[in-house]
Amino acid sequence: MTEKTARMNQTGNKPDVVVYSHERLDELHRNNYYIIQDRKRFCFGMDAVLLSGFAKAKPGEHLLDLGTGTGIIPILMEAKTDGEHFTGLEIQPESADMAARSVAYNHLEDKVDIVTGDIKDASDIFGASSFDIITTNPPYMIEQHGIANNSDCKTIARHEILCNLDDILRESAKILKSGGRFYMVHRPFRLAEILGKMTEYRIEPKRMRLVYPFVDKEPNMVLIEGLRGGKPRMTVEKPLIVYKEPGVYTEEIYDIYGY
């Protein structure tokens with residue numbers, strides 16, 4: 001496999017991190033951070049960026065991202081918040097390796113850890129009541145129709161093959177401290193199921209925001225915050241509109257991306 005060394009930034013202080021010839025370095029527009037991605041694997045999308053803008057991490061808090069992929073959410077959360085430490089859990093070794101190299105490229109080894117492991121084993125890996133915050137951008141699809149290869153990396157990222165909503169909420173309920181916060185981005189067509197299962201696992205839905213591609217279209221994403229052991233009461237925030245016209249983001253989206 002052909003290798004190349006990651007390019008240096010203008011200040012010349014990026015480490016010598018291997019970036020393979022089939023990979024690319026993408027700028028994150030936050031703190032001069034970059035992320036390594038493979039176009040043949042699942043690359044992060046707007047949903048991960050919006051989740052990093054919706055979630056909150058306070059000084060001294062520790063965050064775990066379930067199914068971190070390339071590590072985009074821990075890296076963005078480190079850039080955007082005052083959280084103490086950020087951990088990403090990823091079952092696919094190749095993705096976990098890319099995430100770890102991105103962490104090293106951005107000099108974040110003291111703030112961000114990448115762990116290779118299964119979400120279904122998360123409470124065994126980290127222990128009970130070990131995190132203040134959990135974030136997750138999970139597989140959205142439950143249908144198996146049209147899946148040609150269950151081991152394909154993109155299929156694993158999009159479909160509930162290796163974990164499902166029950167696995168995520170069960171493990172989150174064990175890992176979160178009492179009063180800990182749970183943040184997830186998902187699809188509105190599963191909203192009734194999501195809210196029901198959050199309540200079942202005593203992660204009380206507290207805050208929700210629907211994301212609309214255009215002001216006159218149906219929502220295609222939902223951002224949800226839950227509180228471990230919280231009392232029933234949920235705030236529905238104003239809609240988040242992505243585009244004000246085709247190809248032009250709204251000001252709020254530009255602000256979330258950091259442009």
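These legends walk through a whole-chain view and five close-ups of a predicted model.

The model is predicted, so local features need pLDDT of at least 70 and side-chain atom pairs count only at pLDDT 80 or more, while totals for chains, interfaces and linings use all residues. Residues are numbered from 1 along each chain as its sequence is written, and side-chain values use heavy atoms, with hydrogens and water left out.

**Figure 1. The whole chain, with eight helices and 15 strands.** Helices (H or I, at least four residues) and strands (E, at least two) are DSSP runs, numbered from the N terminus. Of the 259 residues, 52% are buried; that word stands for under 20% relative accessible area, with exposed over 50% and partly exposed in between (1.4 Å probe, protein chains only). About 12,200 Å² of the chain is exposed, and carbon and sulfur atoms supply 48% of that area; the areas come from the Shrake-Rupley method with a 1.4 Å probe. Look at contacts (heavy atoms within 4.5 Å) with a separation of 6 or more, and 68% of them join residues 24 or more positions apart.

**Figure 2. Helix H1 packed on helix H2.** H1 covers residues 46-54 and H2 covers residues 72-80; the axes are 9 Å apart, at an angle of about 35°. Axes here are lines fitted to C-alpha atoms, for helices over the stretch in contact, with angles running from 0 to 180 degrees between N-to-C directions. The crossing of H1 and H2 is right-handed, as the near helix is turned clockwise from the far one by less than a right angle. On the H1 side you'll find Ala48, Val49, Leu51, Ser52 and Gly53, which meet Ile72, Ile73, Leu76, Met77 and Lys80 of H2. That contact breaks down into seven nonpolar, two polar and one charged. (Ala, Val, Leu, Ile, Met, Phe, Trp, Tyr, Cys and Pro count as nonpolar, Asp, Glu, Lys and Arg as charged, and the others, Gly among them, as polar.) H2 is largely enclosed by the rest of the structure, because eight of its nine residues are buried; Ile72, Pro74 and Glu78 are among them.

**Figure 3. Ile35 and its surroundings in strand E4.** E4 takes in residues 34-38. Ile35 counts as buried because its relative accessibility is 0%. Setting aside neighbours within four places in sequence, Ile35 has contacts that include Leu25, Phe44, Ile72 and Ser102. Arg101 sits 66 residues along the chain from Ile35, yet their C-alpha atoms are separated by 8.5 Å.

**Figure 4. Helix H6 alongside helix H7.** The axes of H6 (residues 165-175) and H7 (residues 191-200) come within 10 Å and cross at roughly 30°. That makes the two helices roughly parallel, a label used for angles under 35 degrees. Like the pair in Figure 2, this crossing is right-handed. H6 brings Leu165, Asp166 and Leu169 to the contact, and H7 brings Glu193, Ile194, Lys197 and Met198. By class, that's four nonpolar, no polar and three charged residues.

**Figure 5. Asp167, a charged residue in helix H6.** Asp167 counts as buried, since its relative accessibility is 10%. Beyond neighbours within four places in sequence, Asp167 is in contact with Ile119 and Lys120.

**Figure 6. Phe182 in strand E9.** The strand spans residues 176-186. Phe182 has 0% relative accessibility, so it counts as buried. Not counting residues up to four places away in sequence, Phe182 touches residues including Leu169, Met198 and Ile224. Another one of those it touches is Glu225, 43 residues away in sequence and 5.5 Å away C-alpha to C-alpha.

Definitions and conventions
Angles under 35 degrees count as roughly parallel, over 145 as roughly antiparallel, 65 to 115 as roughly perpendicular and the rest as oblique.
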